[in-house]
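Some notes on this model follow, point by point. They cover the ligand site, selected side chains, two helices and a few backbone details.

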Amino acid sequence: MLRSSFTVLFICFSLFTTLVNAQVNAIQNIQGRKIQSLNGKWNYIVDPYENGYYDYRHEPFDQSKSGTGGYFDDRVQKDKTELIEYNFDLSPQMNVPGDWNSQSAQLSLYEGNVWLRRKFDARPEKGKKYYVYFAAVNYEANVYLNGKKIGTHKGGFTPFQFDVTSRLKTGENTLILKVDNTRKPDEIPTVNTDWWNYGGITRDVYLAEFPDHFISDYKLQLVKGNNNLLSFSMKLADATAGQDITLSIPELKLEKKYKTDAEGKINDEFTWNNLALWSPESPKLYGVNIKSDKEDINDKIGFRTIQVKGDSILLNGKNTFLRGVSIHDENPLLAGRLRSEGDMRMMLQWAKDMNCNYVRLAHYPHNEEMIRLADEMGLMVWAEVPVYWTISWTNPSTYANAKQQLTDLIVRDKNRASVVIWSIGNETPLSDARLSFMKNLAETARTLDDSRLVAAALEVHRDGNTMILNDPLGEVIDLVSFNEYAGWYWGGTPAELVKYSFDIKYNKPVVISEFGGDALGGFHGDENTRWSEEYQEALYKNQFSMLSKISALRGVTPWILADFRSPRRQHPVYQNFWNRKGLISETGKKKKAFFVVKDFYDQMQTKYK
Ligand code: GCU
């Protein structure tokens, strides 16, 4: 009797710690902490039937009485009589960070489960806390350390970590993940998207060491609409009162001393004049230091304000025009997720080459490194969660998932001056359930961070030659942003575009969040020849003429910077699983339309000087 009740208690406790682990927000500025990279070559086993997770009665091995039997045991045959039907040591390796699709021809279109294993040495010290931190895993991860489950996570683009203090061994440790990238109707995103479903550990993995009472989160930004009022908030991982905290910005000779409150938190606002404000033209970042008696964290933070006023967008109180382009998290030259600073800098430099001052990082949270580069290079950012198309609007767990992903995005990037817009979704079909879902997300965004704009790609419909924008979601977001594909999906040839006009219900700044058309780089014809660079070029010229009719036009975001892979694009000559709307081809060639956009941006830069 005693034994069985103990077992029940243990199962409840381990479920609870897993749940608790899974819900804790990601640690702020992980790269500014004491970290050991777990990137590199990981052995992997492709497991389409989850043979390493379920027994032949489809019961999970990690919930059996022994909690063993799965691939997470990482067993190796020691005796010739033993039967073991897997072996990580003898299995192939792939690079982490890196999606599996672009690292193995066998896995290019694979959707399912892959096990990945990394062995690493550790020297844990008494009194220290240890976390394993994942910058992103697509889509669902079951994580095991030294044969024991430490947690699960869903969501392909946001960071998460698990406390491994009690499980980390001195010497060799074995970290194993079961990653499942299968699309499902009730997930975020759902089953239908227009991008490649890259699976795997697609971003960095770290083992992070912390003192007890460590600083888990902080925010230092200007208060909305005030270029001289800074807001500083910070919290410890546990509610330790009376901890001495010093905030300093040496360049400004700014130093503020605090003691944490009963909840281990600090909340303060203070005036500081003559800050050099961040902008695309002058992307000023300050060295910020936050110190406790046990930690010394450095970060680089820019300060700016972003607001809407009537139909204007004000950056630091000045009218601005968003000269943008959309970007997927994919390196067109490698056809895989962006993996490194080099990848990301290339993409953002292409945007700068086109005279952009803003990028829409579609349709999901991009790599934190991408946002930090945007801070450094001077590009405003539209950040987005993958609430895309036909989500399961009435499913509470779907909403909880969307809310968690939005929370994780805002928690991670709230100190990044480049981020000016939180987007809660893209082209979501009208319904009462959708409106309620999206209004709640908009409220969540504002509650977590009222210093940035909230947007979404709204729905637009046509009446004859008029595009009508009266999506009720427009009431609760700051921009009238919508996608329109006149000249590609509808509306005739590029020359016909000038006949279209707009009827926009809201007196808010208008940002066209997507428009454009396909061109196969290097294919030429006249301006009515579909797929030719000339067609795309004419489409952009006429789009800009058409869009200039919108008096409240305050930004445009052509779709898209570079050709990207999509399972929806099957034409054997023009597409081959590539969406060709890029202004740059998958070989890095700038198409003719690229220069049409650049010319338009040069004009807008002069107009908004
Ligand atoms: C949609 C969608 C994009 C998609 C694009 C296209 O607007 O938002 O994700 O790639 O159209 O059809 O190319």
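1. A polar contact here is a pair of N or O atoms within 3.5 Å; within protein, one must be able to donate a hydrogen and the other to accept it, and residues adjacent in sequence count only if both atoms are side-chain atoms. On that basis the side chains of Lys119 and Asp74 make a polar contact, at 3.3 Å. The model is a predicted one.

2. Lys119 sits in strand β4, residues 113–122. A second polar contact, of 3.5 Å, links its side chain to that of Glu172. Apart from neighbours within four places in sequence, Lys119 is in contact with Asp74, Asp89, Glu172, Asn173 and Thr174. The C-alpha atoms of Lys119 and Thr174 are 4.5 Å apart, although 55 residues separate the two along the chain. With a relative accessible area of 29%, Lys119 is partly exposed.

3. Leu175 belongs to strand β9, residues 171–180. Its relative accessibility is 0%, so Leu175 counts as buried. Leaving out residues up to four places away in sequence, Leu175 touches Leu38, Trp42, Leu116, Arg117, Arg118, Phe120, Val132, Phe134, Val143, Tyr144, Leu145 and Val205. Tyr139 is 36 residues from Leu175 along the chain, and their C-alpha atoms are separated by 18 Å.

4. Glu209 is part of strand β10, residues 205–210. It counts as buried, at 13% relative accessibility. Which side chains make polar contacts with that of Glu209? The side chain of Lys128 does so at 3.4 Å, and that of Tyr130 at 3.0 Å. Residues up to four places away in sequence aside, Glu209 touches Lys34, Glu125, Lys128, Lys129 and Tyr130.

5. The ligand is surrounded by 14 residues, and the closest are Asp194, His363, Glu427, Tyr489 and Glu514. By class, the shell divides into 5 nonpolar, 4 polar and 5 charged residues. Side-chain N or O atoms approach oxygen atoms of the ligand in several places: one in Asp194 at 2.6 Å, and one in Tyr388 at 2.8 Å. For Asn579, a polar side-chain atom lies 2.9 Å from a ligand oxygen. The ligand taken alone exposes 320 Å², of which the protein buries 96%.

6. Ser418 is in the loop between α4 (396–413) and β24 (419–426). With a relative accessible area of 0%, Ser418 is buried. Its side chain reaches the backbone oxygen of Ile371 at 3.4 Å. Ile371 also appears among the residues in contact with Ser418 once neighbours within four places in sequence are set aside; the others are Trp278, Ala374, Asp375, Leu379, Met380 and Val381.

7. Helix α5 covers residues 432–448, 17 residues in total. From first C-alpha to last α5 reaches 24 Å, close to the 24 Å expected at 1.5 Å a residue. Just at the start of α5, a side-chain oxygen of Ser431 comes to within 3.4 Å of the backbone nitrogen of Ala433. The buried residues in α5 are Arg434, Leu435, Phe437, Met438, Leu441, Ala442, Thr444 and Ala445. Their cover includes α4, β24 and β25 (453–457). As background to the spacing of that list, an α-helix has 3.6 residues a turn, so residues three or four places apart point the same way.

8. Helix α6 runs over residues 533–547 and has 15 residues. Its reach from first C-alpha to last is 21 Å, close to the 21 Å expected at 1.5 Å a residue. Is α6 enclosed by the rest of the structure or open to its surroundings? Of its 15 residues 13 are buried, so α6 is largely enclosed.

9. Two cis peptide bonds deserve a check by eye. One joins Val96 and Pro97, with omega about 5°; Pro97 is in the loop between β3 (93–96) and β4. Another joins Ile188 and Pro189, also with omega about 5°, and Pro189 is in the loop between β9 and β10.

10. Positive phi values come up at two asparagines. Asn274, in the loop between β15 (265–271) and β16 (286–291), has phi near 60°. This residue is exposed, with a relative accessible area of 72%. Asn316 has a phi of about 55° and lies in the loop between β19 (312–315) and β20 (318–320). At 17% relative accessibility, Asn316 counts as buried.

How values were computed. Residues numbered from 1 in each chain as written. Predicted model: local features only at pLDDT ≥ 70, side-chain atom pairs only at ≥ 80, totals over all residues. Heavy atoms only, no water. Near = heavy atom within 4 Å. Areas by Shrake-Rupley, 256 points an atom, 1.4 Å probe, with all protein chains shown as cover. Nonpolar A, V, L, I, M, F, W, Y, C, P; charged D, E, K, R; others polar. Helix = DSSP H or I, 4+ residues; strand = E, 2+ residues; numbered from the N terminus. Expected span 1.5 Å × (residues − 1). Buried < 20%, exposed > 50% of the residue type's maximum accessible area, 1.4 Å probe, protein only. Contact = heavy atoms within 4.5 Å.
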